[in-house]
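Thank you all for coming. I would like to spend a few minutes on one chain, and I will ask you to keep the picture in view while I talk.

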Amino acid sequence: MLTIKHFYPSVSTICLCRTLKLSSQSIYFLSTKVDSTTNENKKQETHVQHPALDTRFNQYRIAYRYRHDMELLRGYLVFRIFSINFLVNHQDKIAYWGRRILGNWLFKTIFKITAFGHFVGGETPQEIKPVIKRLQHHHVKPILDYSVESDDHIPLVSSSQVDHMHDHNATKFIECIHTSHDVCGPDNLVAIKVTALVRPNVLKKFNTILQSMKNHSSLPPLFELINQQPTNNKAVVLLQDSINTHLINNQNQKSSKVTLVPDDLTEIYNLLIRLNNIAQACLKYQISIMVDAEQSYFQNAINYFATELQRYYNKSNIPYIYGTYQCYLKDTLDSLKHDLTLAEKYNYIFAAKLVRGAYMEQENRLAQEYGYESPINPSFEITSQMYHTCLDEVLKNTLQRQSDQIRIMIASHNEDTIRYAIQKMKDYNIPHNSPTVSFASLYGMSDYVAFALAHAGYLTYKYLPYGPIEVLQPYLFRRAQENRAIFAKADKDRRFHFKALKDRIFKSKH
């Protein structure tokens, strides 16, 4: 039987020693601690004080204290380069010819001290440890992200090679959990990607079937069955029986043409075992995982597995499993409402990250190529509206359920969204350092927002990717392409890097 140890993280511990002043005119507020045994946000007064948050986010000296002088110069240059559309559009060709002309070693060295060094923590757990310590020193918690993923177009290799790769990735995720515990202590987060653990074509087929099933209640409780009989594939057999019943009853649907062959079922079984081993490591080390969102043709399946993990593992006092909701998708609000209802029905902690989305160009291109309606909202404004509506929906549930049964992470670089979330925290009387609402951004981006939030006592995270350069190069290139609008308008990031560097050079005291 599964034994889940009860662990009650002390939120106030995060806030100790944060008494830095911005100026003699700074306004201070009292930090509070949430009592998780009550139904409302009742507060215990502590003696820790924090400066009031500057919601214009202009405190660049606070933002870049953790960066060395040369890192500030590198950041300024990287943001300059990534704002040039020609370079972003042709980065694959530039990288190819860079390797041909410079040689692999020299190209990797230059890449590592420029873009890779700015946006990535390092290649190994040993390399990222100093970065983690620097973030923690300024009260920013890392979300370790061993950034491996697959798409639907991968080279054909043998079944044993693919299985070995997926087992290797699962081991790396568990190693990441172990590293997070050893370096950061318990009560921290690690990101995982489901496509790193299963063949993309199998996940895509399963996604098509799930998409046609409006009601998943007929499907078996996967991880309950896995943990009852870990050496038996009963969970997958029952899953296949439920799917077959659905297909028989819905023969005219697109999903009826999709079948899961025995090899596919074996793949899904192996995926469940890998996910379960990762979740068990979370229990062992008291670390939570965040199941990242990916392309829409995978996302229903990914969300289903994340929800099944939550249903089994989020019944203690720690949200071991977080899901992710991409607000640029048209169906996100419906999906979110469904999952909130499910969490209340089965009485487990609903924990999620809200993002705008990272595959916009690819999704729109595929929709145009294959002649179907794009799953993406037509404008940034509508996506922002979806983001705010989803946040409102989650916060409403803090009134219906115990406050410690809801966790929502605002993963955004948009200042208006951050301000909106801060105002909503006030409206719902949610303390600054409450675990109910947290904030996250990518390492190397929007530091002037993240470190200001942390300095003011808000629970703040940085996504810290790491891994081999060869694996992370596509990740970085995709980030540059999908965030080209952000980089093009990243005047504030560039300007603040330059101002912070100038202050260092001239030893500004102002």
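The buried residues of helix α19 are D447, Y448, V449, A450, F451, A452, L453, A454 and H455, and since we are looking at a predicted model, please take everything I say as a description of that model. The helix runs over residues 447–455, and 9 of its 9 residues are buried, which is to say that α19 is mostly covered. Just after α19 comes G457, whose phi is positive, at about 100 degrees.

Let me step back to the whole chain for a moment. It has 510 residues, and 56% of them are buried, while its secondary structure comes to 22 helices and 10 strands. If we take the contacts between residues at least 6 apart in sequence, 80% of them join residues at least 24 apart. The accessible surface comes to about 23200 Å², with 55% of that area belonging to carbon and sulfur atoms.

Now to a loop position, N188, which you will find between helix α9, residues 159–184, and strand β4, residues 189–192. Is N188 buried or exposed? N188 counts as buried, because its relative accessible area is 3% and the cut-off for buried is under 20%. Its side chain reaches two backbone oxygens, that of C184 at 3.3 Å and that of G185 at 3.1 Å. Leaving out residues up to four places away in sequence, N188 touches K141, P142 and S180, and also Q286, I287 and S288.

The last position I would like to show is E127, which sits in helix α8, residues 125–137. E127 is described as partly exposed because its relative accessible area of 32% falls in between the cut-offs of 20% and 50%. A polar atom of the E127 side chain lies 2.9 Å from the backbone nitrogen of E123. Once its neighbours within four places in sequence are set aside, E127 is in contact with K112, G121 and G122. What, then, is the distance in space between E127 and Y466, which are 339 residues apart in sequence? From C-alpha to C-alpha, E127 and Y466 are 8.8 Å apart.

To recap the two single positions, then, N188 is buried, whereas E127 is partly exposed; and helix α19, where we began, has 9 of its 9 residues buried.

Key. Residues are numbered from 1 along each chain as its sequence is written. This is a predicted model: local features need pLDDT of at least 70, side-chain atom pairs count only at pLDDT 80 or more; totals for chains, interfaces and linings use all residues. Side-chain values use heavy atoms; hydrogens and water are left out. Buried means under 20% relative accessible area, exposed over 50%, partly exposed in between (1.4 Å probe, protein chains only). Helices (H or I, at least four residues) and strands (E, at least two) are DSSP runs, numbered from the N terminus. A polar contact is a pair of N or O atoms within 3.5 Å; within protein, one must be able to donate a hydrogen and the other to accept it, and residues adjacent in sequence count only if both atoms are side-chain atoms. Contact means heavy atoms within 4.5 Å. Accessible areas come from the Shrake-Rupley method with a 1.4 Å probe; for residues, only the protein chains shown count as cover.
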